Amino acid sequence: MTTAPLRLRPLEEQPASAGRRKRGLIYVRVSKARDDMISPELQVGHALALARSENIDVIADPIMDLGESGRQFEERRIEDIKQMARDKQFDVLILWIWSRFGRNLRESLQHLDALMDYGVEVRAAKEDFDGKTTIGRFAIAQMLNIAELESNQKADSWRDTFERRRNKGLPHSNRGRFGYYRCETCPKWEFGKKLETCPKCRNGILKVDRLTGPVLAQLYRDYAAGISVRKLVADLNRRGIRTFTGKPFASGDLHAVLDSGFGLGYVRYLIPELSHQVVTNDDGTTKRKRVNRQRDVTAFLYYGGAHDAVIDDPAECERIWDAYAKRRMAQSGRSFFSNRPRYSLSRHLRCSGCGGRMQTALRNKKYRRPLVDGLPNPLDVTFRCANHIDSKSCPAKGTYVSLAVAEKWFLEWLDREAQMSEREAEALAARTAALRTQNDGDQALLRRLEDVQSQLQGLRTNDDKLTDAVLAELVSEDSARRKRTELDTQRQALIREQTELHTKLKEVPVQQPRPPQGDLLTARKIYLAAGQADRRELVSKLVREIRVNKGRSGAEKLHVYPLWEAPPPWVPREPSSDS
């Protein structure tokens, strides 16, 4: 009789079963917060029950993806879990049911195989199958396949619902609208709660509100006549008129109301091809990502609605809509988001103490000066070092400058550039051209980067083919696992090289040719006559960054680095004596 073979391993390589309990990690996913959702607490409770019954030590708080779809993996924390698996931080990943891991069969299997390659066991508390056996792996694949089927069926159901609403002349959603009401007896709409309706208004057709309806009609007429959005918003807030949700109007809120075309008798539906966009990842792979940002009027199809317009004359409605759409499309390059920079030098000012960005603060309301073009007076706007304000991490204890002072010294710099003699300008252009010639070596880095991205895309294609082969039982799972480990090793090496190439390319800023003297003179005239938004656009075409030094408002307070001049490496500055 022969004895069983023995293999001696170092202590740190001993399997979990050798002398210690397994370490577990709980993963929770909820696609959307709603009243009938499977709550995170319930999922965690079932996972903890499995851990107790199997003597698994849960090593950390549950990793949660709340409000994330199971069809996409990019926005979720699956990569964090895989990194923890590479670092041998846990042995078992515990789910509630398999659909919580994903509703995309191919990608779910790829991520599960990767976790198994790292030695991690994946368990589902309510659908517990042994993934180490052939039958168990088959059952897991079937549960994931069912999850994908359920997701596809729900998507089909929603598409049918939207098509029925469109055919009836009803909008995409059933919530209320500014300028309209449902009826006097229905409860008021509340965000995040199911909309309750009475029998009189279950048809979903809204009625024109006698108070806000005329306001909406006048907004369309004023915008079509060329009145600025800033003036319209200021007038609405001055009169105390609020949005449908009860908050003061901002420019983005006004465009959301007007872009819908609802007040002029239209209902709109997004063009399906524009609901997603293809995004390229750093490793060269691509993904379909839902576009949730605000879209312009060209992204929708407009149908005649079953409701009444706020203007009785259909011909006038059509004429105003044509004028509105024409003006909106002409301004499509501009943004009306309230979180975008508001001032001429926003995003260009940098603290010389730490190199960090600078954020704005306004003077106390009691002492503010009158508004200028609907924005605070430049003397009331102060830019401060964000690192010092947020974390006190600036070595120079922060810098600050008012918008008025910054604009003053920026104009001084622009004057010097515009009045530079022809001989000085030619010498500067020659130096700039020489520097650009020195940067031609970056083309080799760019070519190598393209090659790396191409190789990463090829690895992703091979991975997909390997998964398809496993599903078709053309390749054994053991062979596929060995091949996938080899592909993962190649991928990690290429990603490291890609990161190094990106770092090298970022170290050398791109330099642009210096504009002619006449263009600089014109830029100064435009700057003096323009508002803050147009000034900001002008500055972005001239300036790379503006470093703010400590001290009082002297000639050395700001240093401007234009796009045709490479800024020197940042060096921390010591606090000056006059700060």
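In this predicted model, the side chains of Asp-415 and Arg-524 meet in a salt bridge, with 2.0 Å from N to O. Asp-415 belongs to helix 10 and Arg-524 to helix 14, so this pair ties together parts that are 109 residues apart in sequence. Asp-415 is buried, its relative accessible area being 17%, whereas Arg-524, at 23% relative accessibility, counts as partly exposed. The two helices that carry this pair are a useful way into the rest of the structure, and the points below begin with them.

**Helix 14**

- Helix 14 covers residues 517-529, and at 1.5 Å a residue its 13 residues should span 18 Å, which agrees with the 19 Å that separate its end C-alpha atoms.
- Gln-517, Leu-520, Ala-523 and Tyr-527 are the residues of helix 14 that are named as buried, and because the buried residues fall within an arc of 110° when seen down the helix axis, they line one face of the helix.
- Lys-525 and Ala-529, by contrast, are exposed and lie on the other side of helix 14.
- As a general background to such patterns, an α-helix has 3.6 residues a turn, so residues three or four places apart point the same way.

**Helix 10 and the sheet of strands 13, 14 and 15**

- Helix 10, which is made up of residues 403-418, lies across strand 14 and strand 15, and it runs at about 85° to strand 15.
- Strands 13, 14 and 15 form an open sheet in the order 13-14-15, with antiparallel pairing, and its edges are strand 13 (358-362) and strand 15 (400-402), each of which pairs on one side only.
- Neighbouring strands of this sheet are turned against each other by 25° on average, when direction is ignored.
- Strand 14, formed by residues 381-385, is joined to strand 15 by three bridges, and the two strands run antiparallel.
- Within this sheet, Arg-384 stands opposite Tyr-400, a residue of strand 15.

**Helix 10 and the sheet of strands 12, 16 and 17**

- Helix 10 also lies across strand 16 and strand 17, where it runs at about 50° to strand 17.
- Strands 12, 16 and 17 form an open sheet of three strands in the order 12-16-17, and here the pairing is mixed.
- The edge strands of this sheet are strand 12 (349-351) and strand 17 (558-562), each pairing on one side only, and the twist from one strand to the next averages 30°.
- Strand 16, which takes in residues 543-548, is joined to strand 17 by five bridges, and these two strands run antiparallel.
- Val-548 has Leu-558, in strand 17, as its bridge partner.

**Salt bridges elsewhere in the model**

- Side chains of opposite charge can pair when their charged atoms come close.
- The count for the model comes to 18 salt bridges, with a nitrogen of Lys or Arg within 4 Å of a carboxyl oxygen of Asp or Glu as the rule.
- Arg-319 forms a salt bridge with Glu-316, and the closest N and O atoms of this pair are 3.9 Å apart.
- Arg-319 and Glu-316 are three residues apart in helix 8 (residues 314-330), and therefore about one helical turn separates them, while Arg-319 itself is exposed, with a relative accessible area of 52%.
- Another salt bridge joins the side chains of Asp-253 and Lys-247, at 3.5 Å from N to O, and Lys-247 is partly exposed, with a relative accessible area of 41%.

**Two lysines with positive phi**

- Lys-88 is not a glycine, yet it has a positive phi of about 60°, and it is placed in the loop between helix 2 (78-86) and strand 4 (92-95).
- Lys-397, although it is not a glycine, has a positive phi of about 60°, and its position is in the loop between helix 9 (386-391) and strand 15.
- Lys-397 is exposed, with a relative accessible area of 63%.

Technical notes. Residues numbered from 1 in each chain as written. Predicted model: local features only at pLDDT ≥ 70, side-chain atom pairs only at ≥ 80, totals over all residues. Heavy atoms only, no water. Pairing = 2+ DSSP bridges. Helix = DSSP H or I, 4+ residues; strand = E, 2+ residues; numbered from the N terminus. Axes fitted to C-alpha atoms, helices over the stretch in contact; angles between N-to-C directions. Contact = heavy atoms within 4.5 Å. Expected span 1.5 Å × (residues − 1). Buried < 20%, exposed > 50% of the residue type's maximum accessible area, 1.4 Å probe, protein only. Arc of directions from axis to C-beta.
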